[in-house]
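Work through the exercises below with the model open. Try each task before reading its solution.

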Amino acid sequence: MLGAKRQGVAVWLTSLKFARQLRRFGNVHYVSKKMKYVVFYCDQDKLEETVEKLQSFTFVRDVKPSMRPYIATEYQNAKPDKAKEYDYKMGI
């Protein structure tokens, strides 16, 4: 399991009493009581079957996997501004 790629999944529920059942699919990271959703992480290779299984439950309103693994995080022009660099050195 070490080094396994993980991906976040947001699940909107009809009631929060079912949030505890989602622990068997992955690591629960956050539960929003106000908006009734749960964010958890699962293995990327098991993502499709996990989403299908979650959508089959009656207490699940919507399931959205995170798009973060598909977004490029390497930027072409990542040179810091000289003025900002001076401010950082000053401790401002």
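**Exercise 1. A covered strand**

Task: Determine how many residues of β3 are buried.

Solution. This is a predicted model. Take β3 residue by residue. A residue counts as buried under 20% relative accessible area. By that cut-off, 6 of the 7 residues of β3 are buried. The strand is mostly covered.

**Exercise 2. The sheet around it**

Task: Work out the order of the strands in the sheet, and say which strands lie at its edges.

Solution. Step one: find the partners of β3. Strand β1, residues 6-13, is joined to β3, residues 37-43, by 7 bridges. Strand β2 is joined to β3 by 5 bridges. Both pairs run antiparallel.

Step two: lay out the sheet. The 4 strands form an open sheet in the order β2-β3-β1-β4, with antiparallel pairing. The edge strands are β2 (27-32) and β4 (60-65), and each of them pairs on one side only. On average, neighbouring strands are turned by 20 degrees against each other, direction ignored.

Step three: recall what holds such strands together. Strands of a sheet pair through backbone hydrogen bonds.

**Exercise 3. Register and turn**

Task: Find the residues in β3 that partner Ala10 and Val28. Then inspect the hairpin of β2 and β3.

Solution. Start with Ala10: its bridge partner in β3 is Val39. Arg6 stands opposite Asp43 in β3. Now take Val28: its bridge partner in β3 is Phe40.

Next, follow the chain through the turn. The hairpin of β2 and β3 has 4 residues between the strands. Lys36, in the turn, has a positive phi of about 55 degrees.

Return to Arg6 for its side chain. Its charged end sits over the ring of Tyr41, 4.6 Å from the ring centre.

**Exercise 4. The helix on the sheet**

Task: Which strands does helix α1 lie across?

Solution. Locate α1 at residues 47-56. The helix lies across β1, β3 and β4. Now compare directions with β4: α1 runs at about 165 degrees to that strand.

**Exercise 5. Two serines**

Task: Decide whether Ser32 and Ser66 are buried or partly exposed, and list their contacts.

Solution. Ser32 first. It is found in strand β2. Its relative accessible area is 6%, so it is buried. Its side chain reaches the backbone nitrogen of Met35 at 3.2 Å. Not counting residues up to four places away in sequence, Ser32 touches Leu16 and Tyr37.

Now Ser66. Its place is in the loop between β4 and α2 (82-90). Its relative accessible area is 25%, so Ser66 is partly exposed. Leaving aside neighbours within four places in sequence, Ser66 is in contact with Gln7 and Gly8. Check the chain separation too. Ser66 and Val9 are 57 residues apart along the chain, yet their C-alpha atoms are separated by 5.7 Å.

**Exercise 6. Aromatic pairs**

Task: What is the geometry of the pair formed by Phe57 and Phe59?

Solution. A pair of aromatic rings is described by the distance of the centres and the angle of the planes. The structure holds 5 aromatic pairs. For Phe57 and Phe59, the centres are 5.1 Å apart and the planes are 10 degrees from each other. Planes under 30 degrees apart count as stacked. The pair is therefore stacked, with 10 degrees between its planes.

Now widen the view. Phe57 and Phe59 are both buried. With Phe18 and Phe25, they form one aromatic cluster.

Conventions: Residues numbered from 1 in each chain as written. Predicted model: local features only at pLDDT ≥ 70, side-chain atom pairs only at ≥ 80, totals over all residues. Heavy atoms only, no water. Pairing = 2+ DSSP bridges. Helix = DSSP H or I, 4+ residues; strand = E, 2+ residues; numbered from the N terminus. Axes fitted to C-alpha atoms, helices over the stretch in contact; angles between N-to-C directions. Contact = heavy atoms within 4.5 Å. Buried < 20%, exposed > 50% of the residue type's maximum accessible area, 1.4 Å probe, protein only. Polar contact = N/O pair within 3.5 Å; in protein donor to acceptor, adjacent residues only side chain to side chain. Phe/Tyr/Trp six-rings, centres within 6.5 Å; stacked < 30°, edge-to-face > 60°. Lys NZ or Arg CZ within 6 Å of the ring centre and 35° of its normal.
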